[in-house]
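Here is a guided walk through one protein chain. Keep the picture open and turn it as you read.

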Amino acid sequence: MADTISEPSQSETSAERSQKLEGIGCKRKRVEDIRFTQGHGNYVDDVKLPGMLFGDFARSPYAHARIKHINKESALKVPGVLAVLTAEDLIPLNLHYMPTLAGDVQAVLAHEKVLFQNQEVAFIVARDRYAAADGVEALEVEYEELEPLLNALKALDDDAPVLRDDLAGKTEGAHGPREHHNHIFTWSAGDEAATQEAFDKADVVIEEYLAHPRVHPCPLETCGSVADMNPITGQLTLWGTFQAPHVVRTVAALITNIPEHKIRVISPDIGGGFGNKVGVYPGYVMSVVASIVLKKPVKWIEDRMENLSTTAFARDYHITAELAATKEGKVIGMRSHVFADHGAFDACADPSKYPAGMYHICTGSYDIPTAFCSVKGVYTNKAPGGVSYRCSFRVTEAVYTIERAMDLLAQKLDMDPAELRQKNLIQPEQFPYTSAFGWEYDSGDYPTAMAKTLEAVDYKKLRQQQAQMVEDFKAGTSREIMGVGLSFFTEVVGAGPSKNCDILGINMFDSCEIRVHPTGAAIARLGVKSQGQGHETTFAQILASETGLPADMITIEEGDTDTAPYGLGTYGSRSTPVAGAAAARAGRKIKHKAQLIASHLLEVHHDDLEWDVDGFAIKGMPDKRRSMKEIAWAAYNNLPKGMEPGLEAVDYYDPPNFTFPYGAYLCVLRIDVDTGVYSVDRFYALDDCGTRINPMIIEGQIHGGLTEAFAVAMGQLIDFDETGNILGASLMDFFLPTAVETPKWETDHTEVPSPHHPIGAKGVGESPHVGGVPAFSNAVNDAFRAFGGVHTHMPHTHSNIWNYARSLGMIDS
């Protein structure tokens, strides 16, 4: 390329050049969809290696039992079975237990006792999957059944059975003293004494038990891994369904004592994660162990029932919610106590400092001067986990608590739920706002969002229509009632500030590395991992705006620990708030060096240049410019004296604060009282996620999150019978909405950027789930408000709604 000053095309304006970049704000089509829609995705089960073997688990039929004897011989006689591994084989290697992200240990294979139904007891390795399954069926295991513990509220009773024999005598846990053999931790936040004072002087107090039942993320693809231990080089390569590949590599090094630089973790395409693929599962560990033992690659892929019954669950919070208020409706205090059912092992994926996650965001969007909450974590005979199913570390439970409580307070005050919320919303001039729990909300305009929502749905008319339907029902001319459910939520996302967050002692920063090639094409590698959020599209847009290189010229790579810089992965809506910030900052480092090169090419001081969409121009002389494409070429052949060749940058971003997206949701549904069947007439969702990178992807994320919120509120449940048998471990029993059941969504937005984020983005992927669940639940409960109804528990299935109407005397016995 010539070194003379380039002349811009006279036919292209700055706006036209900006449009060609397809940067921030552009409705750019998802580039990854090309391979997905044509069947060319690359998933873990697509990995096929020479000589690869297959593993499968023999699992416990009991929720709580002693293992009396395991007879391997019958399984080893099955044609094609090569090995049967049990805890006895792992003990000499110190691999029978593995560390969890919560500071506990979890049995890789059950040792002496099983603690939940379908717990892993033995790993059968065979030449193909069918032989492995036959080996599982042939394995002989003798059990002595024990009394199971299934009710978290009874876990700390004096006569509750002892679950964790391996913790016998231990009075200290990862998060402080243990007060009972089934106790994990007690965690609290806020000012208990000041909160009690607020309740003592309050005109009105409400208290209600709220259950957020156990549900499951149920991603499209189940969990799996392929381990290949090279006995010659000592190199372990591990493919798997990992939301945080680098963390998995670190855990693998801790478990196996293989040097971390000898472990390569690859996370290919993932068919959904939703938190389910953050932790480390026994299948991952056993595929590695089997590969080491047999000196062959070993694949493990779970089936759907295994995924639903043994991988990380969500929720299972048993909550007491209390509000104290004046008679005019000003909330002056909030209090909440929780029993958290963590299952057999504490394998929750929460920041180390917060064993109950970020539940202390439970004052929500309201200016509540004092608050206190406490959470007790307990063991039960259920599968472990406790992941943030499309939410950031227990924020869904927190928002559900405050939003149901606000509706209950409105009912007690005989006040409209919207009016009560408007009286208590944090005002724009209060930002940055410090909550009673110490959270510093970054920015927002809550009243405008609420007003826009109420106006969009014609809220006054909806209430008039509802009142008329109540009259018609009481007059006997109709059997339908209507509920209007409001939810105003604030989420705390962008897990990363090292002052707040770490996992296994590693600060939750994230990273981006960019290399610009001589032709102006670029590759960016990030420490997060997409499970369907569209990273390949949106991160290229961020970099297009920051570097002036077209998004189509920027390739995004994630999920390979040998090439990507160390990062903490994707969950808790941290991709854009943390990795997106790292990308923007890395892009600015590229731009800074490019400015120095441009000043050399244009023979002026770099302060005499200004940025112009896709390059630098001399101030006051827009026709004297260099494009980024020209600068990229010069970076490899025409540099200022002493400057390193190339155009590369890396950034590790440790954010100064979380980001706080928010929204106002409204659900209108009708209920046929005689059948309990409901229909969602309307669902309006207004989100404020700060700067909007790709409006089309945002809308898709909101549609997906609302569909999952609908599923959780209206049907999803992992339940158990009295002996610990799982009810809901197949898609015949676990509710996944199809296009038939899913309502139509209306989306809208306001836009208040985050002041501390490099591009003002806050994140949005989890907001619709967080705000959607209470909107649906409030709608159901609002429908019964005029008939004396107070609170009915999720899930709001047809039968549960019918039974509630019957309990209120609305249906003749």
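## Helix α6 and its two sides

In this predicted model, helix α6 covers residues 192-201, and T195, A198 and F199 are among its residues that are buried. Looking down the axis of α6, you would find the buried residues within an arc of 95°, so they line one face of the helix. A general rule helps here: an α-helix has 3.6 residues a turn, so residues three or four places apart point the same way. Turn to the other side of α6 and you meet E197, D200 and K201, which are exposed.

What covers the buried residues of α6? The cover includes β12 (204-215), β17 (314-325), β18 and β19. Look also at the start of the helix, where a side-chain oxygen of D191 comes to within 3.3 Å of the backbone nitrogen of A193.

## T370, a partner of α6

Now find T370, which sits in the loop between β18 (331-341) and β19 (371-378). Is T370 buried or exposed? Its relative accessible area is 11%, and buried means under 20%, so T370 counts as buried.

The T370 side chain makes a polar contact with the side chain of T195, at 3.1 Å. You have already met T195 as one of the buried residues of α6. Setting aside neighbours within four places in sequence, T370 is also in contact with other residues, including D191, A194 and A198. I332, G333, M334 and A436 are further contacts of T370.

## Helix α5, another two-sided helix

Helix α5 spans residues 129-138, and its buried residues include A131, A132, G135 and V136. These buried residues cover an arc of only 145° around the axis, which puts them on the same side of α5. Y130 and E137 are exposed, and they are carried on the face of α5 turned away from its buried side.

Which elements do the buried residues of α5 pack against? They are β1 (53-59), α3 (73-76), β3 (81-85) and β7 (120-126). The N-terminal end of α5 has a cap: D128 places a side-chain oxygen 3.0 Å from the backbone nitrogen of Y130.

## Strands side by side

Next, look at some strands. Strand β32 (residues 662-672) pairs with strand β33 (residues 677-688) in the antiparallel sense, over eleven bridges. To follow one of these bridges, start at C667 and cross to its partner F683 in β33. Four residues lie between the strands of this hairpin, and G676 takes a positive phi near 80°.

Strand β33 is also joined to strand β36 (residues 746-749) by four bridges, and these two strands run parallel. Here Y684 has E746 in β36 as its bridge partner.

## A three-stranded open sheet

Elsewhere, three strands form an open sheet in the order β6-β2-β8, with antiparallel pairing. The edge strands are β6 (113-114) and β8 (140-145), each of which pairs on one side only. Strand β2 (residues 65-71) is joined to β6 by two bridges, and the bridge partner of A65 in β6 is V114.

## T659, a buried loop residue

T659 lies in the loop between β31 (647-653) and β32. With a relative accessibility of 1%, T659 counts as buried. A polar atom of the T659 side chain lies 2.8 Å from the backbone oxygen of K762.

Which residues touch T659, apart from neighbours within four places in sequence? Among them are D442, E491, V492, V493 and G494. P577, S754, H756, A761 and K762 are also in contact with T659.

## The whole chain

Finally, step back. The protein chain contains 19 helices and 36 strands. Its radius of gyration is 28 Å, close to the 28 Å that the globule rule gives for 813 residues, so the chain is as compact as a globular protein of that length. Along its principal axes, the C-alpha trace spans about 90 × 75 × 50 Å.

Buried residues make up 62% of the 813 residues. Of the contacts between residues at least 6 apart in sequence, 79% join residues at least 24 apart. The accessible surface comes to about 29,600 Å², and 51% of it belongs to carbon and sulfur atoms.

How values were computed
Residues are numbered from 1 along each chain as its sequence is written. This is a predicted model: local features need pLDDT of at least 70, side-chain atom pairs count only at pLDDT 80 or more; totals for chains, interfaces and linings use all residues. Side-chain values use heavy atoms; hydrogens and water are left out. Buried means under 20% relative accessible area, exposed over 50%, partly exposed in between (1.4 Å probe, protein chains only). The arc is that of the directions from the helix axis to the C-beta atoms. Contact means heavy atoms within 4.5 Å. A polar contact is a pair of N or O atoms within 3.5 Å; within protein, one must be able to donate a hydrogen and the other to accept it, and residues adjacent in sequence count only if both atoms are side-chain atoms. Two strands pair if DSSP finds at least two bridges between them. The radius of gyration is taken over C-alpha atoms; the globule rule is 2.2 Å times the number of residues to the power 0.38. Accessible areas come from the Shrake-Rupley method with a 1.4 Å probe; for residues, only the protein chains shown count as cover.
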